[in-house]
Amino acid sequence: MHIKLFIPGPVEVYPGVLNAMSTPMIGHRTKAYTDLHGAVKSKLQQLLYTKNKIFLSTSSGTGLMEACVRNCISKRAAHFVCGEFGERWYGISLANGKEADKFEVPLGKSIKPAMVDEALKTGKYDTVFVTHNETSVGVMNPLKEIADVVKKYPDVLFMVDAVSSMAGAKIEVDAWGIDVCLASTQKGFALPPGFAVCSISAQALERAKTVKNRGYYFDFVEFETFDAKNQTPTTPSVSHIFALNYQLDQMLKEGLDNRFNRLKELAQMCRKWVTDNGFKLFTEPGYESITMTTAENTRKIDIKKLNEELGKVGYMISAGYGKLKDSTFRIAHMGDCNASELKGLLDAMDKIIKTL
Ligand SMILES: *Cc1c(COP(=O)(O)O)cnc(C)c1O
């Protein structure tokens, strides 16, 4: 049975995308490839409101998180952490022997611009790391307001993990001065997992050239060299790039603002279901994610049982992440999801919850 995924990655992949994935293979040093690569880059620039370079990476999103650490931190990093993925990025800095400090808020709360200002004021940091949408808790951090603070420190590079918000929420890379904005493809883009993209500023590339031990696979300087030819340093997942090209066309056809508004409406619908059914929203009011909803399990239902029953009727949601496994549950509404599909899930949950 086909189980529709409402988990925050991977999300449901639609037939058109699967079909594009199965396009006959082409060589990655051919004109057909460089045309494809160039087309995908320019569509990603539209999606991200940027003129910055775009790199395509055959890895999951975590690969590009590591790339940011290896290529961009010269002096010391400030990591802003509001959940497990921010914690992961900090861990990656430590694992790479980088000097890094962590600034944390309690789970469910958002990163505040003033916190970032306090840290940067010390002059200790040359790189800032922020998770836009913290998928473990469903918090969407105020990225524009944080960006306004980072702009006051022109020598500081601004790294943004937008894995679960890119292609789901409007991110204005150039206006906000984001140096690297990265995402993998299995969330907002609704492609199969295994591929990642980022935008990268000239300043980040200049920094990379001065940083030692950038490693091999994720060396941004190598990526830049090949980018000039619309290629990647190593053989990419060409199938993902075919699918990405198809999906970006679909997005531009829908209209980016229409897409972002569709997802905002789904978020409102899901939040309403949560509060109408006697649960609470887990996240700080005003900072709820628009690509997913995290409910506090105030009714203490058996989430594992709920998911088992949902599976019988063709749906899957997610338990909480890590420490929040039993105390919260998460419903993703990103990618190509529409209102009638989300309603289908919520109606099924209504029925099952009565029996739990
Ligand atoms: C899923 C996720 C990641 C990890 O991405 P992978 O593609 O699994 O490496 C990182 N950050 C956030 C915010 C995520 O949601």
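A residue counts as buried here when its relative accessible area is under 20%. By that cut-off C270 is plainly buried, at a relative accessible area of 0%. The model is a predicted one, so the values below come from computed coordinates.

C270 is a handy way into the cysteines. A search of the whole structure turns up zero disulfides. C72 is in no disulfide, and the nearest cysteine sulfur, that of C68, sits 5.6 Å away. A disulfide would call for a pair of cysteine sulfur atoms within 2.5 Å, so the C72 and C68 pair, at 5.6 Å, does not count as one. C72 is also buried, with a relative accessible area of 0%. C270 is likewise in no disulfide; for C270 the nearest cysteine sulfur belongs to C337, 9.0 Å away.

C337 turns up again in the cavities. Rolling a probe the size of a water molecule over the atoms shows where empty space is left. Searching the whole structure gives two cavities of 30 Å³ or more. The largest cavity comes out at about 100 Å³ in volume. Its lining is made of 14 residues, and L5, F6, E12, M334 and C337 are those that lie nearest the centre. Sorted by class, that lining holds nine nonpolar, two polar and three charged residues. The second largest cavity has a volume of about 60 Å³. L56, S57, T58, Y217, F223, T232, P233 and T234 line this second cavity. Here the split is four nonpolar, four polar and no charged residues.

Turning to the strands, β8 and β9 make a good pair to look at. Strand β9 covers residues 180-184, and five of the five are buried, so β9 is largely enclosed by the rest of the structure. Neither face is left open: V180, L182 and S184 are buried on one side, and C181 and A183 are buried on the other. Strand β8 tells a similar story, with five of its five residues buried, so β8 too is largely enclosed by the rest of the structure. On one side of β8 the covered residues are L157, M159 and D161, while F158 and V160 are buried on the other.

What flanks these two strands? Strand β5 (residues 127-131) pairs with β8 in the parallel sense, over five bridges, and V130 stands opposite V160 in β8. Strand β8 (residues 157-161) in turn pairs with β9, again in the parallel sense, this time over three bridges. Across that pairing, V160 stands opposite C181, and D161 faces L182. Strand β9 is also joined to strand β10 (residues 196-200), but here the two run antiparallel, with five bridges between them. L182 stands opposite C198 in β10. L182 therefore has D161 opposite it in β8 and C198 opposite it in β10, and is itself one of the residues buried on a face of β9.Helix α8 (residues 202-210) has buried residues A204, L205, R207 and A208. They span an arc of only 160° around the axis, which puts them on the same side of α8. On the other side of the helix, A202 and T210 are exposed.

Further along the chain, four strands form an open sheet in the order β11-β12-β15-β14, with antiparallel pairing. The edges of this sheet are β11 (280-281) and β14 (318-319), each of which pairs on one side only. Strand β12 (residues 292-296) is linked to strand β15 (residues 328-332) by five bridges, in the antiparallel sense. In that pairing, T293 stands opposite I331 in β15.

One loop residue rounds off the picture. S136 lies in the loop between β6 (133-134) and β7 (139-140). Is S136 buried or exposed? The relative accessible area of S136 is 2%, so S136 is buried. Between the C-alpha atoms of S136 and G194, which are 58 residues apart along the chain, the separation is 20 Å.

Terms used
Residues are numbered from 1 along each chain as its sequence is written. This is a predicted model: local features need pLDDT of at least 70, side-chain atom pairs count only at pLDDT 80 or more; totals for chains, interfaces and linings use all residues. Side-chain values use heavy atoms; hydrogens and water are left out. On a 1 Å grid over the protein atoms alone, a cavity is a set of points where a 1.4 Å probe fits but cannot get out, and a pocket is an open set with protein on both sides within 12 Å along at least five of seven lines; lining residues have an atom within 4 Å of a point. Grid points are joined across faces, edges and corners, and a volume is the space filled by probe spheres set on the points. Ala, Val, Leu, Ile, Met, Phe, Trp, Tyr, Cys and Pro count as nonpolar, Asp, Glu, Lys and Arg as charged, and the others, Gly among them, as polar. Buried means under 20% relative accessible area, exposed over 50%, partly exposed in between (1.4 Å probe, protein chains only). Two strands pair if DSSP finds at least two bridges between them. The arc is that of the directions from the helix axis to the C-beta atoms.
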